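Trainee: I have a model open on my screen and would like to learn how to read it. Could you take me through it?

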Amino acid sequence: MDWLCYFAREWDRPRQAWEDVYILPRGEPELDQALWLTINALGELEDSANYWQGVDFRRAQASLAGRDFRIDATEMLVRTRDFDRAELLHWTAIWLCEIGLIVDSLVEADRATFRGKAYHADQRDLLEAKAAGASDIDLAIDRHGMRLATEFGLSKVPAVKKLDKPKPT
């Protein structure tokens, strides 16, 4: 089967330590939602950018049990410091095969292909529209909203007005 994937974050450097990956089978427009996978690089204990700290790093390393990767549902930990886009495609293909799907090809697609089928693609569209001054879109900042604005590097995220509590009558 041929697959399409979308990386949720803008890559501001050539290598990343983690990524959210959305996956769709090519030519299946009736599919409502893309598969969502998070791939984390184990990194190095000394790596200051590594979010595994001390004991957690050792626990994560031990969880690999000598293998190059560990899969826990839609989370994948890989034994590498970080990865580039080609390596990320490779790990994504391994995940698909490990869950029993056939991979003939896997190619990166643009955000428009995943519109309406991938949470982060839709959130990014909303954030960019709001940052550009669109007034007809109500952006509901949920528990991920502010983090998404930071991840996507949007500098003009509008303030969200808090609603006043109703006054007792």
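Trainee: How many aromatic pairs does a search of the whole structure find?

Mentor: A word on the source: this is a predicted model in which local features need pLDDT of at least 70 and side-chain atom pairs count only at pLDDT 80 or more, while totals for chains, interfaces and linings use all residues. Residues are numbered from 1 along each chain as its sequence is written, and side-chain values use heavy atoms, with hydrogens and water left out. Rings of Phe, Tyr and Trp (its six-membered ring) pair if their centres lie within 6.5 Å; planes under 30 degrees apart count as stacked, over 60 as edge-to-face and the rest as tilted. By that rule, the number of aromatic pairs in the whole structure is six.

Trainee: How do the rings of tryptophan 36 and tyrosine 119 pair?

Mentor: The ring centres of tryptophan 36 and tyrosine 119 are 6.1 Å apart. Their planes meet at 15 degrees, so the pair is stacked.

Trainee: Which parts of the chain does this pair link?

Mentor: Helices (H or I, at least four residues) and strands (E, at least two) are DSSP runs, numbered from the N terminus. The two residues are 83 residues apart, so to speak of distant parts is fair: tryptophan 36 belongs to strand 3 and tyrosine 119 to helix 4 (residues 119-131). The parts linked are strand 3 and helix 4.

Trainee: What does tryptophan 36 count as at 35% relative accessibility?

Mentor: Buried means under 20% relative accessible area, exposed over 50%, and partly exposed in between (1.4 Å probe, protein chains only). Tyrosine 119, at 25%, counts as partly exposed. At 35%, tryptophan 36 likewise counts as partly exposed.

Trainee: Which residues form one aromatic cluster?

Mentor: Tryptophan 36 and tyrosine 119 both belong to it. The full cluster is Tyr6, Tyr22, Trp36, Phe114 and Tyr119.

Trainee: Over which ring does the charged end of arginine 9 sit?

Mentor: A charge sits over a ring if NZ of Lys or CZ of Arg is within 6 Å of the ring centre and within 35 degrees of the ring normal. Arginine 67 gives one example, lying over the face of phenylalanine 69 at 4.5 Å from the ring centre. For arginine 9, the distance is 4.0 Å and the ring is that of tryptophan 18.

Trainee: Which residues have the most contacts inside the largest nonpolar core?

Mentor: A nonpolar core is a set of buried Ala, Val, Leu, Ile, Met, Phe, Trp, Tyr and Cys residues joined through side-chain atoms within 4.5 Å. The largest one has 20 residues, and those with the most contacts inside it are Ile39, Met76 and Val78.

Trainee: Which element supplies the largest share of this core?

Mentor: Strand 1 (2-7), strand 2 (18-25), strand 3 (35-41), strand 5 (75-78) and helix 2 (85-98) each give at least two residues to this core. The largest share is six residues, and they come from helix 2.

Trainee: Which residues is isoleucine 39 in contact with?

Mentor: Contact means heavy atoms within 4.5 Å. Neighbours within four places in sequence are left aside here. That leaves Ala17, Trp18, Glu19, Val21, Met76, Val78, Phe83, Leu88, Trp91 and Thr92.

Trainee: Where do the buried residues of helix 4 fall, seen down its axis?

Mentor: Helix 4 has 13 residues and reaches 18 Å from its first C-alpha to its last. His120, Ala121, Gln123, Arg124 and Leu127 are its buried residues. Taking the directions from the helix axis to the C-beta atoms, they fall within an arc of 165 degrees, so they line one face of the helix.

Trainee: Is alanine 73 buried or exposed?

Mentor: Alanine 73 is found in the loop between strand 4 and strand 5. Its phi is near 60 degrees, a positive value in a residue other than glycine. At 57% relative accessibility, alanine 73 counts as exposed.

Trainee: Which residues does aspartate 104 touch?

Mentor: Aspartate 104 has its place in the loop between helix 2 and strand 6 (105-108). With a relative accessible area of 60%, aspartate 104 is exposed. Not counting residues up to four places away in sequence, aspartate 104 touches Met1 and Asp2.

Terms used: The expected span of a helix is 1.5 Å times one less than its number of residues.
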